[in-house]
Amino acid sequence: DWGQAVFDLGATVCTKRSPSCERCPIVEQCAWARAGHPDPDPIEGSAGISAPQSRFEGSDRQGRGRLVARLRTGTIAEEDLAAAMGWPDQADRAIRVAESLVADGLVVHGDGRWTLPH
């Protein structure tokens, strides 16, 4: 499949740190190579792969993971949500992030309680 071939080419030949144009089977079709490899490298900003991932510690992703892990042991009352997510002083943030899990179908919220779907 073409998509997989392109991924493999990027992982083995056309790498960000050291592109090996001399080994590339499609270098003749590469506009960047034909132009003499001008700056900026087209990989910069492409598909979000050149930007480092944001920190996990303290992130919404970490709070989501904490909530799902905690819900595996049972329901959580509304007033305990922020603490369960690791943000005891950020109730508004906890609700916003927990609601994103509801929107994703991973958590259920009703009657002042949070739980995993059955």
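# Notes on the predicted model

1. Asp111 is exposed, with a relative accessible area of 83%. Keep in mind while reading on that this is a predicted model. You will find Asp111 in the loop between β2 and β3, and its backbone deserves a look too: phi is near 55°, a positive value in a residue other than glycine. For context, most residues other than glycine have a negative phi. The label "exposed" applies to Asp111 because its 83% falls in the class over 50%.

2. Now the strands on either side of that loop. β2 and β3 (residues 113-115) run antiparallel and are joined by three bridges. If you want one pair to locate on screen, take Val108, whose bridge partner in β3 is Thr115.

3. Zooming out, how many strands form the open sheet, and in what order? There are three, arranged β1-β3-β2, with antiparallel pairing. The edges are β1 (76-77) and β2 (108-110), each of which pairs on one side only.

4. On to His37, another residue with a backbone worth checking. Its phi is near 60°, again a positive value in a residue other than glycine. His37 sits in the loop between α2 and α3. Buried or exposed, or something in between? His37 counts as partly exposed, at 36% relative accessibility. That is the in-between class because 36% is neither under 20% nor over 50%.

5. The loop between α2 (31-34) and α3 (60-71) also holds Pro40. Have a look at the peptide bond joining Asp39 and Pro40: the bond is cis, with omega at about -5°. As a reminder, most peptide bonds are trans.

6. Next, the salt bridges. Side chains of opposite charge can pair when their charged atoms come close. How many salt bridges turn up here? The count comes to three. Asp60 and Arg93 make one of them, with their closest N and O atoms 2.9 Å apart. Asp60 belongs to helix α3 and Arg93 to helix α5 (residues 91-103), so this pair ties together parts of the chain that are 33 residues apart in sequence.

7. Asp60 also has a salt bridge to Arg96, where the closest N and O atoms are 3.0 Å apart. This pair links distant parts of the chain as well, with Arg96 in helix α5 and Asp60 in helix α3, 36 residues apart. Taken together, Asp60, Arg93 and Arg96 are linked in a network of salt bridges. As for cover, Asp60 counts as partly exposed at 26% relative accessibility, and Arg96 is partly exposed too, with a relative accessible area of 47%.

8. What does Arg64 pair with? Arg64 forms a salt bridge with Asp104, and the closest N and O atoms are 2.8 Å apart. Arg64 is in helix α3 while Asp104 is in the loop between α5 and β2, so the pair ties together parts that are 40 residues apart in sequence. Arg64 is partly exposed, at a relative accessible area of 22%. Asp104 is partly exposed as well, at 47%.

9. Back to Arg93, which has a second contact to report. Its charged end sits over the ring of Trp87, 3.9 Å from the ring centre. So how many aromatic pairs does the model contain? The count is zero.

10. Finally, helix α1 and the surface around it. Which residues form a nonpolar patch on the surface? Trp2, Val6 and Ile26 do, and together they have about 300 Å² of accessible area. Val6 is in helix α1 (residues 2-12) and is partly exposed, with a relative accessible area of 37%. Val6 can be part of the patch on that score because its 37% is over the 30% cut-off used for patches.

11. Ala5 is also in helix α1, and counts as partly exposed at 40% relative accessibility. To place Ala5 against the His37 loop, go from C-alpha to C-alpha: Ala5 and His37 are 22 Å apart in space and 32 residues apart in sequence.

Technical notes:
Residues numbered from 1 in each chain as written. Predicted model: local features only at pLDDT ≥ 70, side-chain atom pairs only at ≥ 80, totals over all residues. Heavy atoms only, no water. Pairing = 2+ DSSP bridges. Helix = DSSP H or I, 4+ residues; strand = E, 2+ residues; numbered from the N terminus. Patch = residues over 30% accessible without salt bridge, like charges linked within 9 Å, V, L, I, M, F, W, Y side chains within 5 Å. Areas by Shrake-Rupley, 256 points an atom, 1.4 Å probe, with all protein chains shown as cover. Salt bridge = Lys/Arg side-chain N within 4 Å of Asp/Glu carboxyl O. Buried < 20%, exposed > 50% of the residue type's maximum accessible area, 1.4 Å probe, protein only. Phe/Tyr/Trp six-rings, centres within 6.5 Å; stacked < 30°, edge-to-face > 60°. Lys NZ or Arg CZ within 6 Å of the ring centre and 35° of its normal.
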